[in-house]
Amino acid sequence: MKKDVIGLGIETSCDETSMAVVRNGSEILSMHVYSQFEEHSPFRGVVPEIASRSHLLKIQSVYEKVIKESGVLPEQMDFVAVTNRPGLVGSLMIGGQFAKIFSIIFDVPVVTVDHVKAHLFSPALEGNRIAYPFLGLMLSGGNSSIYRLDHFDSMEKIADTSDDALGEAFDKAATILSLPYPGGPSIEKKAEQCTAENTSPLFTKLLRDRPFDDMTFSFSGIKTAVLRAHQRREEDSRICRDFQDTVFELVERNVLKAVHLTGITKIIASGGVLANQTLRRRLDALGKKEGLDLIYPKNKILCTDNGGMVAALGYENFIKNEFSALDFAVSSRR
Ligand code: KG4
């Protein structure tokens, strides 16, 4: 009988300290996510120095919790996977150093993984098979991109933002409207309160017709438009609803362009913005209408940064015998 493969995943690339123990790259035995958002809240954005200090303080307790809950002894792990790129360098170093020490003490091989690619492996933790080729839609605080993945070793960015990431745009729009940080959940909640019907959309400029092969995301214009609407004393709830409708319409348009240009109809979406219920509903409807195999993590915790996705991707390296030397570096870039 094939032996189970157990991996420890470590994620510290930004403002979440997370670890998970995962069986065969697909079954979470235990997972913990410590989110620092309260520490960054007064600054309305992630402060790199605060982030790395907080990882240093929390990483040991997160580790102890996942090990205890998993029932797996550290020396029984088959590998330890850690995000080493892209991210905040000081934060990546905390997780990276922890993985190195774990590897030395328990004689367990290390796998370093790409944070963005790991996000696209989150659905593997909910029983989905990651089959190539597929398009990866990443919508988070640091990314608004579409990738083309033809096989395990290829990951080509085919669309990017020319300014803000979508999550960043949510956060900045929330700041303009004096809504709590992080902006995504606040804007979503406020939009639900909108009762205005048959009103003309507030933000149409962002959606002006672009060439068919232009899949660029851009959200800085709508930020200014949100400010103007707020100054005109438009209802906050209407601003939030129309903001969401407009940015999600742009996401849909770019996804369809990417499908038509590549001929690839399997799409995996992930990142913090995928926690948004309106976006989820819209992507479900789009997938149905256009005959796309479009999936995203159903469990919202798997949309945000988590150790489970790191172990899921690390498992793919493990079965290919692809390990990292212990002097691996960390990098802010992919
Ligand atoms: O992937 P993620 O957890 O981590 C980073 O990229 O750091 O994404 C965080 C981003 C934030 O900008 C946050 O405002 C956004 O995801 N976000 C949301 C929602 N929940 C979190 N955006 C829209 N709607 C949400 N419900």
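**Figure 1. The largest pocket of the predicted model and the residues nearest its centre.** In this predicted model, the largest pocket holds about 1300 Å³ of space. Its lining is made up of 45 residues, of which Cys14, Asp15, Ser140, Gly141 and Gly142 lie nearest the centre. By class, this lining comprises 17 nonpolar, 17 polar and 11 charged residues.

**Figure 2. Elements and domains that line the largest pocket.** Among the residues that line the largest pocket, at least three come from domain 1 (6-122 + 303-319) and at least three from domain 2 (131-298). Helix 5 makes the greatest contribution to the lining of the largest pocket, giving six residues.

**Figure 3. The ligand and its surroundings.** The ligand is surrounded by 21 residues, and the closest of these are Gly141, Asp171, Glu188, Gly272 and Asn276. A polar side-chain atom of Asp171 is found 2.7 Å from an oxygen atom of the ligand, while polar backbone atoms take part at two glycines: that of Gly272 lies 2.9 Å from a ligand oxygen atom, and that of Gly167 lies 3.0 Å from a ligand oxygen atom. Of the 550 Å² of accessible area that the ligand has on its own, the protein covers 88%.

**Figure 4. The second largest pocket.** The volume of the second largest pocket is about 220 Å³, and its lining consists of Leu202, Phe203, Thr204, Lys205, Leu206, Arg208, Arg210, Ser218, Gly221, Ile222 and Ala225. Five of these lining residues are nonpolar, three are polar and three are charged.

Methods
Residues numbered from 1 in each chain as written. Predicted model: local features only at pLDDT ≥ 70, side-chain atom pairs only at ≥ 80, totals over all residues. Heavy atoms only, no water. 1 Å grid on protein atoms, 1.4 Å probe; cavity = no way out; pocket = protein on both sides within 12 Å on 5 of 7 lines; lining within 4 Å. Points joined across faces, edges and corners; volume = space filled by probe spheres on them. Helix = DSSP H or I, 4+ residues; strand = E, 2+ residues; numbered from the N terminus. Nonpolar A, V, L, I, M, F, W, Y, C, P; charged D, E, K, R; others polar. Domains from an automatic or database assignment. Near = heavy atom within 4 Å. Polar contact = N/O pair within 3.5 Å; in protein donor to acceptor, adjacent residues only side chain to side chain. Areas by Shrake-Rupley, 256 points an atom, 1.4 Å probe, with all protein chains shown as cover.
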